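Thanks for asking me to look this one over. Below are my notes as numbered points, to be read with the structure open beside you.

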Amino acid sequence: MSISLYDATVPVFVRGFRVLSDLLTKAEAQADASVLIDARLAPDMLSLAGQIQRASDTAKFAVARVGEVQPPSFEDNETSFADLRKRIDATVAWIESVDRAAIDAGESRTITRKFKDKEYNFSAQEYLLTFGIPNFFFHVTTAYDILRHNGVAVGKLDYLGFAG
């Protein structure tokens, strides 16, 4: 079975953002948003807002790099759940606006990324499957973990998007 780069990214990212948005809705109903926005799991980790910002950046830059399109720039200035939902919605709208053909045409592209002092070259598929998508879900999972750690009553089905 073969899957297109578009199908491996856009619907996956959009679904992840819908889950994040639903988690924020549940958190807002149960907890003090002003505390949660800046909550983090460890002092050297990003806050809840930072996790959502990085999920946004990871998804938009993955799509942009593979599709060779210019992503939007966001300021990372979200201070409320409403701001975070706006960021999620803007990211989803942009990702969904990218032409399927541009993303699928990226299959033959080489994506070069530098981490620390080392440069890595990936095929577009390798980049998405071994870096872009796992990195996106790292931030989605960490956002979930921050909420859960701070007493928000969410569970595995919420994370998977089947809680209702």
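1. Let's begin with the charged pairs. This is a predicted model, and it holds 11 salt bridges. As general background, side chains of opposite charge can pair when their charged atoms come close. Three of these contacts are described in the points that follow.

2. Take a look at Asp7 and Arg100, whose side chains meet in a salt bridge with an N to O distance of 3.1 Å. This pair links distant parts of the chain: Asp7 belongs to helix H1 (residues 5-30), while Arg100 belongs to helix H5 (residues 100-105), 93 residues apart. Is this contact made by buried or partly exposed residues? Asp7 counts as partly exposed because its relative accessibility is 32%, and Arg100 also falls in the partly exposed class, at 38%.

3. Another salt bridge joins Asp76 to Arg54, with N to O at 2.8 Å. Here too distant parts of the chain are linked, as Asp76 sits in the loop between H3 and helix H4 (81-97), and Arg54 in helix H3, 22 residues apart. The relative accessible area of Arg54 is 22%, so this residue is partly exposed; the cut-off for buried is under 20%. Asp76 has a relative accessible area of 33% and is therefore partly exposed as well.

4. Please give the backbone at Asp76 a second look. Its phi is positive, about 60°, although Asp76 is not a glycine. For context, most residues other than glycine have a negative phi. So Asp76 brings together a loop position between H3 and H4, a positive phi and a salt bridge to Arg54.

5. Which residues are joined into one network by salt bridges that share partners? They are Arg54, Asp57, Lys60, Asp76, Glu78 and Arg87. Within this group, the side chains of Glu78 and Arg87 meet at 3.2 Å, N to O. Both Glu78 and Arg87 are buried, whereas Asp76 is partly exposed at 33% relative accessibility.

6. Next comes the hairpin. Strand S1 (residues 110-115) pairs with strand S2 (residues 118-123) in the antiparallel sense, over 6 bridges. To find the register on screen, start from Thr110, which stands opposite Ser123 in S2. Between the two strands of the hairpin there are 2 residues.

7. One of the turn residues is Lys116, placed in the loop between S1 and S2. Lys116 has a positive phi of about 60° although it is not a glycine. Is Lys116 buried or exposed? With a relative accessible area of 81%, Lys116 is exposed, because the class begins at over 50%.

8. Helix H6 (residues 124-149) passes a simple length check. Its 26 residues should span 38 Å at 1.5 Å a residue, and its end C-alpha atoms are 35 Å apart, which agrees. Where does H6 bend? The bend, of about 30°, is at Gly132, and a proline, Pro134, follows within four residues. After H6 comes Gly151, which has a positive phi near 90°.

9. For the surface, I would point you to Leu157, Leu160 and Phe162, which make a nonpolar patch of about 310 Å². Phe162 is located in the segment after helix H7 (156-160). Its relative accessible area is 61%, so Phe162 is exposed.

10. Finally, here are two alanines with C-alpha distances you can check on screen. Ala42 lies in the loop between helix H2 (33-36) and helix H3 (48-67), and its relative accessible area of 21% makes it partly exposed. Ala42 and Asp145 are 103 residues apart along the chain, with 11 Å between their C-alpha atoms. Ala82, in turn, is found in helix H4 and is partly exposed, with a relative accessible area of 42%. From Ala82 to Lys156 there are 74 residues in sequence and 24 Å in space, C-alpha to C-alpha.

Conventions. Residues are numbered from 1 along each chain as its sequence is written. This is a predicted model: local features need pLDDT of at least 70, side-chain atom pairs count only at pLDDT 80 or more; totals for chains, interfaces and linings use all residues. Side-chain values use heavy atoms; hydrogens and water are left out. Two strands pair if DSSP finds at least two bridges between them. Buried means under 20% relative accessible area, exposed over 50%, partly exposed in between (1.4 Å probe, protein chains only). Patches are made of residues with over 30% relative accessible area and no salt bridge: like charges are joined within 9 Å, nonpolar side chains (Val, Leu, Ile, Met, Phe, Trp, Tyr) within 5 Å. Accessible areas come from the Shrake-Rupley method with a 1.4 Å probe; for residues, only the protein chains shown count as cover. A salt bridge is a side-chain nitrogen of Lys or Arg within 4 Å of a carboxyl oxygen of Asp or Glu. The expected span of a helix is 1.5 Å times one less than its number of residues. The bend at a residue is the angle between axes fitted to the seven residues ending there and the seven starting there.
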